[in-house]
Each structure stands twice: as C-alpha cells, then as structure tokens.
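Notebook open, coffee in hand. I want to go through strands, a helix pair and salt bridges in this one.

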Amino acid sequence: MMEPQDTIEEDDSPSASAPPSSSSSPPPRALPRQRVSLQKTSVCSRSYFMVVMVFFHVYIINVIALLLYVHYNNGSNAISANRDFTSSDSSSHKVTGASDAQATADSGFPRNMFLPRIEGIRVGHVQKVSLVSGKVHEMKTLSLKPLLFEIPDFLSEEECGVVLRLAQLKGLMESQVMVPEGQEELNQQLNLSPEEIFNFLDLNQDGQLQPHEILTHSRVRDGIWLTSENLKEIYDGLKADLDGNGLLSLEEFGRLRSDAFQRFLLQRGVERSQLVRNSRHTWLYQGQGAHQVLQDLRKRVTLLTRLPSSLVELSEPLQVVRYEQGGHYHAHHDSGPVYPETACTHTRLAANTTSPFQTSCRYITVLFYLNNVQEGGETTFPVADNRTYEEASLIQNDVDLLDTRKHCDKGNLRVKPVKGTAVFWYNYLSDGRGWVGEQDEYSLHGGCVVTRGTKWVANNWINVDPDYQRQARYQLLVSQQESQEQEQPNLDQHIEAHQDL
C-alpha cells in the first residue's frame, strides 16, 4: 500500500504572493525551504535490485566455472593422461629384471593413468573436432545412453577403397561357425551341477525356465538364433516339456544333457540365416610396417577418443566385415560384464590366475562405414536412451527387439550406413575415478539385415581392462617383450600375436 505523501508547506500571506516592489520597498522575505516528497517504496525497490544483481553475478560465475571444468576434463586431463601414460611407458621400456617386475607386481601400480570421456551434452549437440591437418570434423551426439557419436567424412572415399581392397587381398573368413562344440567339456571343467546351471538361467528366480530365458542362453552359447517356434520344436523332439506348458522345471531340465540342444541342432542342420551372425571378416594389422592408410586411421582414432596412444596401439587390429545380401548381426554387446572370476581376453596373460571365463573388454567401439548400402544394413540400438533396461522386456509377445532380421524397425535408434562416416560409443560406464566402470547395458546394438546390395564396415575396438592393476601389469609385460624384440626383431611374430586376438 502506498504511504501518504508529505505535503509542501506554503506561505499564504499577502507579502508572499505580492509582486516585487520598487527599490524603496523593503526586500522581499525569503520563501521557506520546500521539503521533497520521498516514497518509501523507492528504497525497497533499490534494495531488491541490488539483491537480484548479486544473485545474477553469482549465477554467471557458476556457469563460467562449470564451462572451465568441462573444458579441463575434456582437454587438459586428456593431455595429462597422455603424459602419464607416456612417462609410464617410457620408464617401463627399460629392460627390467624378473625381481624388479615381481616387486612392482607385489607393491601394486600407482593410479597415474586416466581415461578421459567426451561429454555428449545432449542429443543433437554438435562439437568441432580436429582430426586431420587443415580440416575440421563435426561430431554429433546421437544418444546419451549409450554415449554415442557420429562423425561424417571420417574417412575419405580413397581411404575407404584402400581398406576394402586390403581386406580382399588378405582374404575373408566366416565370422561364425555353424554350431560350436565343447560345451559338455566346459561344464565338466567348471564342475557345475544341473541345479546350479538351472539357477543361473532362471533370471527371475521363479523356479521355472521361461522361453526367453532359454533363448537368451542358447543364443549366446550355441550361436543359433532360436525363435519361440524353434524352441517348441526342440522341446517336442527331445521330449523335454512333459506337461506341455512351455516351461521347464528343475526336474525336466535335469533330464537333459548340457549339450542336448547342440546335438539336436547338428542332427537337424542349421541354415546361415539362423546364425546369430551371418557375415565374413578379416583382420588388418595397423602397427609399424602396415599400410600408411591403416596407420593414419589408428592415429585419427587416438585423436577422436582422446585416449593415450599406448592403449590404442595395444588394442585389437582393425576388423573388416562384409555382409552379403541377407547378411545380419543380431543385437549384442561388444563387451561382456566383468566379474571377479572373469578375465579379459587381451590381458589374460597378465592375470595371476587361470579362469575358464573370458570376455572381450572393449571400452570403446569405433565403427566405420566403407560403402553405401543400397537397402537395409542399418546399425540399430534397440534400447538407446530408454528410461530403464530390463533384459526380460527385450522379448515380449511377438516382438523380439534383439532380432535384427524381423524387428529392426522396432529399435529406438537406427544409423544409416553412409560411406566414410564413423560412429563410436562407450561400452562401459565410468567408475567415477577416471577408469572403467560397469558395462553400459544400453550399448546393445546389431546390424540390420541387408535387403539389397552388399555392406562393408570396419571396427576399431579399444581394449581396457576394468581391473586397473591387471591392465598396468599387461602393459608392463608388453613393454618388456618389445624391448627384447628390439634386440632380436621379429615383426611377423608380432603381427601374428595381434591376429590371434
């Protein structure tokens, strides 16, 4: 409410209002001082303005601090990480004795290695990256779960042709055998009882194996893409489901051999379209002595991922894959979850214990499209940016999100193959301390069926062991081996060691 204003006092005497007199008249009396009216609300408004300005300046300072923090994490830390790796590598390249290596292994490696992660900001965000001298690439965020980016024109048309021809000269092999054998021997080695295996497969622990639980296990173990109809046919052929309810109890499961599905499939025969993966591939070495285009490509990947060059150089060679018409790769993860009893394939030699469980620890996947596909062949991410991830919800009713032959269009995100374009994503989360954390389940992806034409792609995987000590021990062993090879060079043996991966 407005306060009443102070009134101005006026003198209403005649002399006050009379005109000035002549010089003989006495001097006029001075007017009394007028009091200026002042509103109390103006004082409140000024105080409010000052408070608002203080809060605004604090907000601006916080925004600047946040931008500096993001820049420091993405840039400065990447430089320091490379410096730490380089200093560590240079010191470890010295020929050390067995006693020194044992002492280092016993005391543990200091955590001086850091894995920078690129911030996605938001879906659709575009960042400028310098990967080639005299050219600036644009990197677009496609999803945040997983952290996925797309870089057009990552390879030139000429580079795509060189990689493709090198793969053809090397020769391609089948990406998957029809039905792998040896599961019975593995189960005997693990010494697992039927009840223990049943409990592992029973994801919801309801005491019965539902179709999707059996299908998921069989696809991973046998490499055959079974459907619900196939499963019913197998149940009937093996007389496994005695009550015919489509579920397997512990008693019914116990009657089956662990390789019963394998034997049935081998007897019946398997078509290529029923495989989890229908393609051909080869590996191309990218180290010293390799084609210059392959070496340049690896350097470009190092700049793109901002990882230390030593990690990239110790990772798998370049894989080149060809999908003919009808080729596909059902949805999968490039890396498996790592448990205490699991060993990474690339660091298994550095593990102090022998484990039958091995998985490919691929921290980052960089995928290159080497040609334009006439129709189909997209890369699908079925659960990208989903609110939640539940394995049981991937197969519901008649929709199987993992099936890239039938339901590729049901996925949340599909990337069209464009010649020269690269996409890369993180297969693991961060542990919050600058190292590898848990598997990012949202990195589930697959190759949609090629309906017309041929599809050529290449993969660069960056291998990092979530066990920091094991990764550091592995790098030390490799550096010692390289020091010995410098005295007795044997490049062919080094190439074969990479190809064995």
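Below are my entries, in the order I looked things up.

**Entry 1: the hairpins.** I'm working with a predicted model. I started at strand β1 (residues 126-132), which runs antiparallel to β2 (residues 135-143) and is joined to it by five bridges. To fix the register, I looked up glutamine 127 and found methionine 139 as its bridge partner in β2. Just two residues sit between β1 and β2 in this hairpin, and glycine 134 in the turn has a positive phi of about 80°.

I then followed β2 onwards. It pairs with β3 (residues 148-151), again in the antiparallel sense, over three bridges. Here lysine 140 has glutamate 150 in β3 as its bridge partner. The hairpin from β2 to β3 goes through four residues.

**Entry 2: the five-stranded sheet.** Next I traced an open sheet with the order β7-β10-β22-β15-β18 and antiparallel pairing. Its edge strands are β7 (277-278) and β18 (413-415), each pairing on one side only. At the β7 end I get two bridges to β10 (residues 328-332), and arginine 277 has tyrosine 329 as its partner there.

**Entry 3: a helix pair.** How do α8 and α10 pack? I get an angle of about 100° between α8 (residues 228-238) and α10 (residues 260-268), with the axes 11 Å apart. That angle makes the two helices roughly perpendicular. On the α8 side the contact includes Leu231, Ile234, Tyr235 and Leu238, and on the α10 side it includes Phe261, Phe264 and Leu265. By class I have eight nonpolar, two polar and two charged residues in this contact.

**Entry 4: salt bridges.** How many salt bridges does the structure hold? I have 13. I picked arginine 111 with aspartate 431, where the closest N and O atoms are 3.9 Å apart. Arginine 111 is in the loop between α3 and β1 and aspartate 431 in the loop between β20 and β21, so this pair ties together parts 320 residues apart in sequence.

Aspartate 431 also forms a salt bridge with arginine 433, at 3.7 Å between the closest N and O atoms. I noted that Arg111, Asp431 and Arg433 are thereby joined into one network.

Buried or exposed: which is arginine 433? It counts as exposed, at 59% relative accessibility. Arginine 111 is partly exposed at 41%, and aspartate 431 is partly exposed at 26%.

One more pair went in before I stopped: glutamate 324 and arginine 322 meet at 2.9 Å, N to O. Glutamate 324 is partly exposed at 38%, and arginine 322 is partly exposed at 22%.

Key
Residues are numbered from 1 along each chain as its sequence is written. This is a predicted model: local features need pLDDT of at least 70, side-chain atom pairs count only at pLDDT 80 or more; totals for chains, interfaces and linings use all residues. Side-chain values use heavy atoms; hydrogens and water are left out. Two strands pair if DSSP finds at least two bridges between them. Axes are lines fitted to C-alpha atoms, for helices over the stretch in contact, and angles run from 0 to 180 degrees between N-to-C directions. Angles under 35 degrees count as roughly parallel, over 145 as roughly antiparallel, 65 to 115 as roughly perpendicular and the rest as oblique. Contact means heavy atoms within 4.5 Å. Ala, Val, Leu, Ile, Met, Phe, Trp, Tyr, Cys and Pro count as nonpolar, Asp, Glu, Lys and Arg as charged, and the others, Gly among them, as polar. A salt bridge is a side-chain nitrogen of Lys or Arg within 4 Å of a carboxyl oxygen of Asp or Glu. Buried means under 20% relative accessible area, exposed over 50%, partly exposed in between (1.4 Å probe, protein chains only).
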